[in-house]
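Colleague: I have some questions about how the labels in this model were earned. Shall we take them one by one?

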2 protein chains.
Amino acid sequence: MSPNDLNEAGPSKQSLTAEAWAAAALDVMAVGGLDAVAVEPLARKLNVTKGSFYWHFPNREALVKAALALWEQRETVDVVSGLDQEPDPYQRIVNLFKRANSSYKSGRLYLALAAATDDVRVNEVVQRVSARRLAYLEKCYRALGMSAEEAPLWATFAYATFIGNQQVHRDTPHTFPAGPKFREYFKLMLRTLIPKGATP
Amino acid sequence: MSPNDLNEAGPSKQSLTAEAWAAAALDVMAVGGLDAVAVEPLARKLNVTKGSFYWHFPNREALVKAALALWEQRETVDVVSGLDQEPDPYQRIVNLFKRANSSYKSGRLYLALAAATDDVRVNEVVQRVSARRLAYLEKCYRALGMSAEEAPLWATFAYATFIGNQQVHRDTPHTFPAGPKFREYFKLMLRTLIPKGATP
DNA sequence: CGTTGCCCATACGCAGGCGTATTGATAGAG
DNA sequence: CTCTATCAATACGCCTGCGTATGGGCAACG
């Protein structure tokens, strides 16, 4: 837990910021979906009343927008920072997979957000984030020497696989390979999804 | 459209059945998620009032249960009927993939249901359906001569991939390969996810 | 024609979330 | 010490969905 842990019980005498509300909104989103972002329940969780909320935000709409912006920014810096440092394209894909399979919580958040197919604002953000990831993957495959026709297919393939992994992991947790089995599974995916040549 | 098309405008003088309500519930679920299954909005969509609903069901809970039961039954008969007729295990997997990538609507429904992670009833059903699909895939891989250690890994891999395909297709529709590109993509997945030997 | 059962409409009270208005508390500036 | 700006609590009205109670229409059957 960070020093200024929010959305937890306890006084936490520090005044709430708008970003704290947005972060709390993302937390409940990961569990209850977009509809779970409700002002009064959130206020209860933060040990305040909605009197506080309506000082920081004009309405619920603004909170949703702020939460989505925060999420997109997190996801985007997540991609550029650290990941792009790696020179080897093969290792870049490996790192992507590692990251995708490690952060279970952020995976849940993506799935919860993407499930809000009826909300236009959410759809736009999800689309941008997904498209960025796909473009990044495609770039990696091209760096591996793949043609402009093949790369997008492999990128979609790989991306679908690790999005699907998060889904399967969430939906049937006890069936998903764990421990040493997961290491096997991981290696299987890597050698299957990164074709020929270019080993590190 | 079937002769007794429900959940559409128009009088449709035929009396509503409980299953019609359940089917309509599944329809709105595929778009708005579990929370969209609300009695009064559904009644409006069916051109009746909730007076009708509360004759067929004791409460909203019962409707959700009925809808889930209907869904599970659909998904289950979907697997056993027609699919298990095919003798060749390779072709069985191919058919699975074809079916997964063809029924866009049913894919959306699965994703919407699976997103309701906070609901216990939904989780149980989703878990059973997913587990059944995984077990079926594993059986296919074993029929291809795969070992008891490898088969579950490949089954999870393949299942994650086509669940992920539905997700990517939904989240970034314009990026997803279409037309001839999709045929390429499909062949790529098949030859990658069904290893060596056992070609038809 | 009357009665009975099936299916639905209407009207009501209740609960919970949204947004507003008003007041209160606290810290820092002067 | 006073004043002011910041942040939060309280109280209110509104809307919407849930569940109940009651009554109405209609077909089948006697």
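Colleague: What makes the pair of Leu16(A) and DNA strand D a polar contact?
Modeller: This is a predicted model, so the distance is computed. A polar backbone atom of Leu16(A) is 2.9 Å from a phosphate oxygen of DNA strand D. The cut-off is 3.5 Å, so the pair counts as a polar contact.

Colleague: Why is the pair of Thr49(A) and DNA strand D called a polar contact?
Modeller: Again a polar backbone atom takes part, and a phosphate oxygen of the strand is 2.6 Å from that atom of Thr49(A). That is within 3.5 Å, so the label holds.

Colleague: Which part of Tyr54(B) faces a phosphate oxygen of DNA strand D?
Modeller: An N or O atom in the side chain, at 3.1 Å. The limit is 3.5 Å, so this is a polar contact too.

Colleague: Which residues come nearest to DNA strand D?
Modeller: Of the 18 around the strand, they are Thr49(A), Ser52(A), Trp55(A), Glu40(B) and Lys50(B). Of the strand atoms within 4 Å of the protein, 58% belong to sugar and phosphate.

Colleague: Which helix gives the most to the surface near DNA strand D?
Modeller: H3(A), with 5 residues. H2 and H3 of chain B also supply at least two residues each. The residues of that surface split into 7 nonpolar, 6 polar and 5 charged.

Colleague: Why is Cys140(A) called buried?
Modeller: Its relative accessibility is 0%, and buried means under 20%, so Cys140(A) qualifies. Cys140(B) is also at 0%, so it is buried as well.

Colleague: How many disulfides are there over all chains?
Modeller: The count is 0. The rule asks for two cysteine sulfur atoms within 2.5 Å, so no pair meets it.

Terms used: Residues are numbered from 1 along each chain as its sequence is written. Chains are lettered from A and ligands numbered from 1 in the order in which they are written. This is a predicted model: local features need pLDDT of at least 70, side-chain atom pairs count only at pLDDT 80 or more; totals for chains, interfaces and linings use all residues. Side-chain values use heavy atoms; hydrogens and water are left out. A residue is near a molecule or strand if one of its heavy atoms lies within 4 Å of it. A polar contact is a pair of N or O atoms within 3.5 Å; within protein, one must be able to donate a hydrogen and the other to accept it, and residues adjacent in sequence count only if both atoms are side-chain atoms. Helices (H or I, at least four residues) and strands (E, at least two) are DSSP runs, numbered from the N terminus. Ala, Val, Leu, Ile, Met, Phe, Trp, Tyr, Cys and Pro count as nonpolar, Asp, Glu, Lys and Arg as charged, and the others, Gly among them, as polar. Buried means under 20% relative accessible area, exposed over 50%, partly exposed in between (1.4 Å probe, protein chains only).
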